[in-house]
Amino acid sequence: MALTERQFPVMKSNFVFFRHLSSEANKEFQQMEDEMDRARACLLQLLPRDPVDVIKHEIKPSIPVVEERGESKLKLEFNVKPFKPDELEVKLLGNKILQVTANHEERSESGAKKISYLRQYSLPEGIDTEHIRPQLHEDGVLTVEAPAPALKPSERLIPIEYKSK
């Protein structure tokens, strides 16, 4: 059976029901857009106005200081498995902020994919910033260590005593 193409004339009607729906839908969309604008304005008020404040909000509050072989040191670990070693960067900003960044970009015929990573830590007084040592492990964990001779460990193992009846 062969298919044939048929055209049907579009008849114009004076029926106003759909026009009413259209104006109601436009009114609803306008109300929704107004509400979204109010919500966006409220959210923007929560953001810091000073770019330096943005850095402060991204900084982690607690710095892990551990004791290994009788020495106190800063020890941070970052899961950077999706990144290659040459895509990673460890920086010291103003001798106070440790910043770890990574950027990965892939291009193909279907498009491009970009992955970014940023972590910042405000370093306390007492960290020997001249001897910061980042080390990337095979499992994709980046460890950043630095001597902290003037600081006490931020965590301590407390032995559990076991008593039997």
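**View A. Two aromatic pairs are found in this structure.** Welcome to a predicted model, where we begin with ring contacts. One of the pairs is formed by F78 and Y121, whose rings meet edge-to-face. Their centres are 5.9 Å apart, and 70 degrees separate the planes. This pair links distant parts of the chain, as F78 and Y121 are 43 residues apart. F78 belongs to strand 3 (residues 71-79), while Y121 belongs to strand 6 (residues 111-122).

**View B. Here we look at how F78 and Y121 are buried.** F78 counts as buried because its relative accessibility is 3%, and the cut-off for buried is under 20%. Y121 has a relative accessibility of 12%, so Y121 counts as buried too.

**View C. The charged end of R119 sits over the ring of Y117.** If you look for the centre of the Y117 ring, the charged end of R119 is 4.4 Å from it.

**View D. Four strands make up an open sheet with antiparallel pairing.** Follow the strands across the sheet and you meet them in the order 2-3-8-7. Strand 2 (65-68) and strand 7 (133-136) are the edge strands, each pairing on one side only. On average, neighbouring strands of this sheet are turned by 35 degrees against each other, direction ignored. In general, strands of a sheet pair through backbone hydrogen bonds.

**View E. Strand 7 pairs with strand 8 in the antiparallel sense.** Strand 8 spans residues 141-147, and 4 bridges join this strand to strand 7. To find one bridge for yourself, start at P134: its bridge partner in strand 8 is V144.

Note on methods. Residues numbered from 1 in each chain as written. Predicted model: local features only at pLDDT ≥ 70, side-chain atom pairs only at ≥ 80, totals over all residues. Heavy atoms only, no water. Pairing = 2+ DSSP bridges. Helix = DSSP H or I, 4+ residues; strand = E, 2+ residues; numbered from the N terminus. Axes fitted to C-alpha atoms, helices over the stretch in contact; angles between N-to-C directions. Phe/Tyr/Trp six-rings, centres within 6.5 Å; stacked < 30°, edge-to-face > 60°. Buried < 20%, exposed > 50% of the residue type's maximum accessible area, 1.4 Å probe, protein only. Lys NZ or Arg CZ within 6 Å of the ring centre and 35° of its normal.
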